[in-house]
Amino acid sequence: MKQSRIRFIAPLAVVTALVLVGCSTSNLGGSTDSDPTGAAETGPIKIGAVLDITGGGANLGVPQQNTLTMLAAALNENGGIDGREVELTIVDNQSTEDGAAKAATKLIESDDVDLILGASRTGPSLAMRSIAEAAEIPMISLAANAAIITDSKWVFKTPQNDVVVLETILDDAESKGYKKLALVRDASGFGEGVADYITDLGADRGITLEMTESFELTATDFTPQMTNVRASDADAVIIWGINPAAGLAQKAYGQLAVDKPVYQSHGVASPAFFEAAGDAADGVIIPNGRLLIASELDAADPQRKVIDAFEADYSAAYGTPASSFAGYAYDAWNIAVNALAEAGTDSEALRDAIEGTTDLVGVSGVYNMTADDHSGLDASSLILAEAQGGVWSLYKD
Amino acid sequence: MLTDFLQLTAAGLSQGSVYALLAVGLISVYTVRHVINIAQGDFAMMAGLGAVWLISAGMPLFVSIVAAVLTVTLVSVAIERLIIARVKKLTTLVSIILTLGVSTLLQAILLLVWGPEARGLPVFPGSDLTIAGVSIRAQELWMVGALVFVGGGIVFFYEKTRFGKALRACAEQPVAARIVGISPVMASVLAFAIAGFVGAIAGVVSSPIYLSIWSGGLLLGLKGFVAAVLGGFSSFRAAIVGALLLGVLESYVAGYVASGLRDAVAFFILILVLVIRTDGLVLKPTAVRV
Amino acid sequence: MSNKTRSLSTTPTFVGTLTAKKPSFWVTNRGATIGCSILVLAAIIIPFTASPAMMNVAVFAMIFALPAIGLNLLMGLAGQVSLGQAAFFAIGAYTHAILLTKFDLPGPVAAVGAIVMAMIVALLVGLPLMRLRGHYLALATLGLGFIVMIIVREWDFTGRTTGIYGIPRPEVFGVVINNNGYFFWFLTPFVVIGLILAINLSRSRAGRALSAVNDSELAAESLGVNTYALRLKVFVISAGFAGIGGVFYAYQVAIVSPQVASFHLSVEILLMVVIGGLGSVWGALAGSFLVEFLGEGMSEIIPALIPGATGEVQLLGYGIVLVLVILLLPGGLHQVAAAGWARATGLWRRRGAESARGIRRPAHTAADLHEPIVADAETTDIALPAISVPVAAGEPILVIEGLTKQYGGVTAVNNVSFSVPAGTILGLIGPNGAGKTTCFNMISGALAPTSGSVTFLGTSIAGRKPHVAADLGLTRTFQNLQVFTSTDVVGNVYMGRFRKGRAGVLRGMLGMQTGEQHENRTLARDLLQSMHLTDVADEAAAALPFGRQRMMEVCRALASEPALLLLDEPMAGLSGHERDVLANLLRRLRTAGLTIVLVEHDVAQVMSLADHVAVLDDGVLIAHGDPETVRNDPAVVVAYLGTDIDEAEHDLIELEEHV
């Protein structure tokens with residue numbers, strides 16, 4: 001009966017392992033302190049961040065990690081918030097939903113954070129949403145999809161809503177007299193719902209959506225999609241995705257000699273786009289925050305000062321230019337810090353303070369949060385940029 | 001309409017050529033060791049990423065490619081010697097878990113060495129053509145060419161040369177193989193060398209268009225497997241035809257139905273074929289000896 | 001069953017010897033009871049003591065233990081590799097999430113719906129897939145995983161790439177399960193129940209049959225095991241385990257996205273099973289904890305060791321562990337634990353023994369096993385096993401008409417017809433390659449005939465699987481022994497009782513068959529006694545010498561209470577004395593009403609034993625009659641002994657001298 005012994009040993013091993021590493025923190029009711037409203041009003045302020053540092057979202061998460069680390073160090077050097085030190089804990093979710101859920105639970109239950117930032121992408125952010133809501137801890141996501149904040153009391157986000165970005169594209173399309181559009185979108189959360197928005201927004205502008213094609217985040221061959229686009233009678237094309245797929249789609253577009261004007265999304269606003277697309281990138285127009293073309297900004301532009309400072313700090317610290325994704329983290333941090341300075345760490349008060357954010361000048365735009373709009377950016381935060389010779393420049397008609 | 005159809009066909013044939021090379025590698029190993037090498041596709045990714053890295057280190061394109069292909073061939077042989085050959089009783093269950101472990105290990109190594117991003121080789125020399133509105137990229141011709149010359153060469157070796165025929169017979173008739181001087185060890189090493197070689201060739205010729213990424217090998221290898229199943233897992237010719245069909249069919253589904261369903265095509269075909277022809281597809285029914 | 005079992009008053013049968021008491025619940029379930037108690041105790045304590053980080057990992061380990069236990073049943077028990085366990089996990093998670101969020105169903109209803117859905121899908125895909133073997137099944141399940149992932153990703157109903165989110169927290173008696181500690185307690189009862197069900201199943205009639213199938217599918221089928229149906233059931237059960245794992249995953253993570261169907265998750269679950277040890281239910285639980293902690297550890301350690309490492313770096317650990325476990329520790333943790341326990345108890349015993357001379361001598365040395373059987377071959381006072389006598393003696397029990405088998409252009413068996421009257425012994429002889437075994441295989445169902453019919457007890461069985469004939473009462477032995485190597489001698493004979501048992505998979509899982517099991521075990525021991533095998537009853541079957549393995553196979557066949565026994569060269573490899581014991585037993589069985597067909601090389605034995613002899617030459621039946629007629633048939637002599645007439649006559653003389 002030798003083989004039966006593992007049935008004692010297995011659970012015993014589990015018990016020993018867990019008991020040995022045991023510590024006093026309770027697993028049975030969130031925070032350790034007895035204050036039911038959440039956190040202590042003295043001592044260090046605890047901010048947790050869940051980012052896509054590894055895995056598919058690493059392009060987004062790594063610059064965000066850099067940004068937050070840099071900002072936290074700077075803040076503490078200047079004495080923190082109201083003399084209270086800020087403790088920033090960053091956790092990697094490996095670009096997975098369950099990783100994000102695990103990380104958010106850990107931050108709330110064991111690190112006892114007052115506020116959560118992240119995640120970098122829509123899926124992980126959605127996984128964190130219900131956890132933050134259950135614990136009644138404010139959360140500021142760095143991802144774009146409006147579903148993250150829809151009808152949520154506790155969750156906010158810094159990137160522009162997709163609708164705002166699409167409005168900018170469609171306004172330009174309308175001004176050029178395009179009547180029919182083709183959409184080639186990625187099959188991730190980022191690309192979902194885009195077709196419906198275009199149909200809705202286009203109705204007011206006399207623009208119809210002729211066809212929709214989609215591609216995987218990991219797609220490398222775009223021949224079928226582009227063949228169909230080539231055969232359609234659309235006046236212009238919107239390619240909606242992130243790098244490298246969206247860049248490769250652009251390359252295939254050029255190779256198959258589709259000669260229609262192309263709009264891409266704010267998801268490609270990084271040098272990786274040019275690496276993937278090569279010469280085919282020339283002439284592509286994207287809507288984006290002003291960070292992308294900061295040097296061309298008017299000196300009087302209210303964002304100019306903020307962007308320049310951020311760019312300077314970031315490249316001084318990391319030796320590379322800051323991406324728009326880093327900008328979303330920068331803005332989230334500043335919204336959080338402002339609200340913490342105003343309301344302290346009582347979670348209800350903190351939430352109200354974030355919702356009350358007005359005229360906060362950020363890298364991505366000027367934020368005005370309301371109870372109905374937990375994103376806070378409108379179309380004025382966007383400009384159109386054109387790709388030419390491997391760089392982005394302000395697009396002028 | 002016709003132009004689109006031809007365009008999709010051309011893209012499908014070039015993609016199918018890659019599947020065909022992988023199928024050839026899978027069958028080589030299967031006939032000798034009765035192992036389905038789940039790591040077959042990872043050879044392609046390893047060769048692609050390796051060659052990209054060599055180029056970034058300043059090597060010329062073709063030197064990088066040759067070096068990468070030879071390295072991957074050696075890696076494949078090393079896997080056979082260090083891992084596969086170590087198992088005394090290689091049951092189906094064990095062989096699946098083992099090659100799955102090897103595949104996972106290779107993927108992790110690729111990820112650690114070359115990072116998570118997809119990378120592509122520069123396109124090979126040649127100019128793109130446009131025939132009757134159908135754009136054909138020079139690289140696609142390279143892919144088909146690799147199948148014709150490398151794949152064709154391997155098939156010729158196995159089917160026409162005495163040595164190759166003996167190698168194929170090795171699994172069933174070790175005695176026949178010994179007559180032409182092939183030991184089981186040598187047969188196994190050779191089979192893995194061929195598998196590594198064709199996998200690597202597939203990886204480098206497809207890299208400029210389809211890119212190489214650490215995690216891409218599994219799906220690619222599986223499609224090679226589906227092609228091999230279509231060919232009854234013993235006939236190289238049938239597998240190559242199956243691979244080209246699969247490539248073209250995927251291209252049609254992506255173009256005419258929905259591109260998201262592209263990867264599902266192979267598995268629907270696989271399950272359909274296995275279900276309809278359950279018995280017909282089992283290799284040669286091993287004579288029941290009881 | 002139309003067969004009725006007749007106990008002959010003239011000979012003592014086993015029924016009267018069944019006196020041993022049924023063992024108590026405690027004796028049979030001691031291990032599992034103690035194990036589960038420790039587990040429950042641990043589960044109660046852990047939330048108070050574990051650090052939150054550990055707690056987090058422990059919750060996921062418990063969640064993944066469920067699909068791992070299911071996969072362990074499939075791989076360890078049924079020997080089927082599935083690379084698509086995550087697909088059923090995902091189906092469970094998605095169904096649960098959809099039922100909760102879109103249909104607002106109560107939690108328990110949604111959970112049951114999720115499990116049922118996973119099992120239904122498993123049944124539908126299993127119906128065709130379970131006919132596949134080995135590599136094909138593994139890769140087909142792998143394909144299934146991809147298909148599920150693609151479907152949930154492309155379907156609006158499943159929320160496409162974003163998936164389904166906003167899953168409410170579970171609530172038990174008004175308590176909202178909103179922290180890891182509560183969740184762990186919420187989860188534990190289900191894991192414990194799952195463990196118990198799985199342990200019961202692996203020890204049940206069905207579980208034993210499955211491990212017999214892994215040793216020799218043909219032998220198991222010949223004893224009445226419907227391999228396909230059994231594997232399908234385990235596949236469906238395994239999917240049910242995955243489904244309930246998915247339910248808890250959906251609750252815990254509160255979002256279900258296509259990633260839950262990802263291949264890497266299937267690999268992770270497979271790794272849990274392999275690390276834990278194939279076939280060990282407890283191993284699956286231990287494995288899931290180990291893999292979860294390994295994954296957590298690797299994703300912290302590797303980036304620290306290798307700067308710039310990003311992504312799913314824990315795969316490096318998974319890959320290395322998979323390869324190393326298979327190469328160095330094929331039994332997984334189970335093997336380590338068993339070896340450790342053996343050493344510990346060995347030390348204990350040595351210390352406790354009054355003469356500390358060393359390890360206890362094994363019960364039987366190799367020499368013991370070869371000791372001749374000393375019992376008198378003519379003894380008649382040993383009990384006979386029960387047999388079925390479905391038809392009166394002399395009535396045809398087996399009718400073969402026009403039986404033909406062609407391989408390509410070669411005709412191995414050509415238009416053979418004969419019938420066997422009940423209660424007689426038919427000897428089937430012929431030179432090597434005459435088609436005797438082919439003929440035999442077509443009768444028992446191991447081979448499908450090209451044409452012709454085989455009718456057993458009025459039922460046509462030609463081309464049907466062996467278990468069909470076995471169910472009707474036709475059992476066989478094998479020329480090339482088909483021993484169940486994973487069990488002992490009594491376990492082999494016990495498998496012969498399969499046909500007489502009724503407990504199905506469900507009863508097995510619920511542990512409601514110990515009475516039947518005990519009865520069968522006693523019967524098996526009695527049967528071994530009649531064949532003088534009692535001394536080796538508890539030896540590993542594979543360790544037996546060839547001759548005794550053959551005797552054991554005969555025992556195994558007899559254990560099924562057959563009406564017709566097919567013996568394929570039963571005398572081969574037996575000593576002269578053993579042959580006499582066997583021949584004597586066969587004669588007594590015939591007297592009791594059993595019908596026997598034997599293929600035999602030992603012509604002398606056949607001539608002395610058989611009532612009728614059929615002679616095959618080159619696939620053609622050249623003679624059929626009583627031994628005397630056949631022996632004197634010149635065609636037989638020439639065909640059987642060769643064309644050289646002098647040599648033939650010489651051999652014939654020799655042959656007659658033997659008889």
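Start with chain A and turn on its surface: the accessible area comes to about 13,900 Å². Carbon and sulfur atoms hold 51% of that area. Keep in mind that this is a predicted model.

Now color chain A by burial. Of its 397 residues, 62% are buried. Switch to cartoon. Chain A shows 12 helices and 14 strands. Next, draw a contact map for chain A. Among contacts with a separation of 6 or more, 67% join residues 24 or more positions apart.

Bring in chain B and select the contact between the two chains. Chain A supplies 17 residues and chain B supplies 18 residues. Together the two chains bury about 1,600 Å². Carbon and sulfur atoms account for 48% of this buried area.

Look for charge pairs across the interface. There are 2 salt bridges between chain A and chain B. One place to zoom in is R137(B), which forms a salt bridge with D221(A). Put a distance label on the closest N and O atoms of this pair: they are 3.9 Å apart. Then list the polar contacts. The interface of chain A and chain B has 6 residue pairs of this kind, with both residues at pLDDT 80 or more.

Which elements give two or more residues to the side of chain A that touches chain B? Select β7 (208-215), α7 (223-231) and α8 (245-255) of chain A. Stop at α7(A), which gives the most, with 7 residues. Finally, color this side of chain A by residue class. The side that touches chain B has 5 nonpolar, 7 polar and 5 charged residues.

Conventions:
Residues are numbered from 1 along each chain as its sequence is written. Chains are lettered from A and ligands numbered from 1 in the order in which they are written. This is a predicted model: local features need pLDDT of at least 70, side-chain atom pairs count only at pLDDT 80 or more; totals for chains, interfaces and linings use all residues. Side-chain values use heavy atoms; hydrogens and water are left out. Contact means heavy atoms within 4.5 Å. Buried area is the accessible area (1.4 Å probe) that two parts lose on being put together, summed over both. A salt bridge is a side-chain nitrogen of Lys or Arg within 4 Å of a carboxyl oxygen of Asp or Glu. A polar contact is a pair of N or O atoms within 3.5 Å; within protein, one must be able to donate a hydrogen and the other to accept it, and residues adjacent in sequence count only if both atoms are side-chain atoms. Helices (H or I, at least four residues) and strands (E, at least two) are DSSP runs, numbered from the N terminus. Ala, Val, Leu, Ile, Met, Phe, Trp, Tyr, Cys and Pro count as nonpolar, Asp, Glu, Lys and Arg as charged, and the others, Gly among them, as polar. Buried means under 20% relative accessible area, exposed over 50%, partly exposed in between (1.4 Å probe, protein chains only). Accessible areas come from the Shrake-Rupley method with a 1.4 Å probe; for residues, only the protein chains shown count as cover.
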